[in-house]
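Please give a short report on the structure shown here. Start with the whole chain and end with one annotated residue.

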Amino acid sequence: MSDQPCPVRLRTSLEGVPAYTPGKPAAPIEGVTSYKISSNENPYPPLPSVLDAVTTAAQAINRYPDMGVVMLSQALSDHLGVPVEQIATGTGSVAVLSQLVAITCEPGDEVIYAWRSFEAYPIVIALSGAQSVPVPLDADHRHDLEAMAAAITDRTRLVLVCTPNNPTGPAVREDELRAFIAKVPQDVLVVIDEAYLEFTTQDTVPDALALAAEHPNVAVLRTFSKAYGLAGLRVGYAVAHPTVATALRKAATPFGVTDLAQEAAIASLRAYDELEVRVKELVAERERVVAALREQGWEIPDAQGNFLWFPIGDDAVPFAQACQARGLMVRPFAGDGVRCTIAEPEANDRLIGSAAEWLATRPRP
Ligand SMILES: *Cc1c(COP(=O)(O)O)cnc(C)c1O
């Protein structure tokens, strides 16, 4: 069967869809604890209160979840101080992203985003039949918002701003983002993807919710996968103008967000003080690792998320292999760089050690 040619006619636009490269589990090495720092996951296990909520919800998994995601939407509304009409949820913020593309783009319409940025962007856009317009990052691995504004055409329907930028690390500043939004036509939706917001420490970080309140064409995208540590449960949300949020709910997979995810998210909002302690520890570790690597001589861009970026071009794959040989699964982007998630201190120490060893064996110019 599988050795026969497949006669099924698939959409030609699929040919432009890159296949997603999943972060692999760390390969076992005799006598060495392996660490997977390739997917920007939170290294901490779920809080007991969150596990309790999930266990209780599990007793009703013979039932469909609440399709309206009513309780979580209300909890988010209370937590963020925005009307519930402005909240739309999805099975991870990647799903909300495809809803955003689905509600704004006809085939051939253009979506602008910085590149390199989140690898899901080109996949989601190509799948929808829309056209990707990637705009190169600047020399500091930051969004070039002026170039992004200049790339807007009559076909542009959506602009994605990833801040902090995955995988390179820097966050945009409030003043530059405001100046950018002022240049975007009002019928083009600007999405501020804040998957790593909780890890940012720069004082000029934009108040994206305020921007969304001021501009009907600005939406904020957030997730429970990173700071909240719920990557495995798949829940994210957008805050947007009620008309946009209503459209997003139309485009959602029915019953997509499970009750397990909803209850875990509500419990996590309640327990944010406890989660924040962990976020602060990860931020402190990030500062420690970035300082150690710069001390070794590496050029590490400003790191505002729970990860850091080695912009090492063609060394990306061999460096990742060297890390892997030491029980550290990192995320190489061939020809471009390597992204490493900040994890438990032992994993971070392993990274510092691997980087030092790499320099010792392959001196940089
Ligand atoms: C991890 C990540 C997300 C979140 O994805 P989920 O689908 O919510 O798990 C969104 N945007 C960016 C830039 C990310 O890195």
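The report below covers the overall build, then a single lysine.

This is a predicted model: local features need pLDDT of at least 70, side-chain atom pairs count only at pLDDT 80 or more, and totals for chains, interfaces and linings use all residues. Residues are numbered from 1 along each chain as its sequence is written, and side-chain values use heavy atoms, leaving out hydrogens and water.

**Whole chain**

The protein chain has 12 helices and 12 strands. These are DSSP runs, with helices (H or I) of at least four residues and strands (E) of at least two, numbered from the N terminus.

| Property of the protein chain | Value |
|---|---|
| C-alpha box along the principal axes | roughly 60 × 55 × 50 Å |
| Exposed area | about 16,800 Å² |
| Distance between the centres of positive and negative side chains | 4 Å |

The radius of gyration is 21 Å, which agrees with the value near 21 Å for a compact globule of 365 residues. That rule is 2.2 Å times the number of residues to the power 0.38, over C-alpha atoms. Of the 365 residues, 51% count as buried, meaning under 20% relative accessible area with a 1.4 Å probe, protein chains only. Carbon and sulfur atoms supply 55% of the exposed area, computed by the Shrake-Rupley method with a 1.4 Å probe.

**Lys-226**

An unreviewed UniProt entry annotates Lys-226 as "modified residue: N6-(pyridoxal phosphate)lysine". Such annotations may be inferred rather than shown by experiment. Lys-226 sits in the loop between strand S7 (218–223) and strand S8 (236–239). Lys-226 counts as buried because its relative accessibility is 13%. Leaving aside residues up to four places away in sequence, Lys-226 touches Ser-39, Asn-40, Asn-42, Ala-195, Tyr-196 and Phe-199. Contact here means heavy atoms within 4.5 Å.

Methods. Buried < 20%, exposed > 50% of the residue type's maximum accessible area, 1.4 Å probe, protein only. Lys, Arg positive; Asp, Glu negative; His and termini not counted. Charge placed at Lys NZ, Arg CZ, Asp CG, Glu CD.
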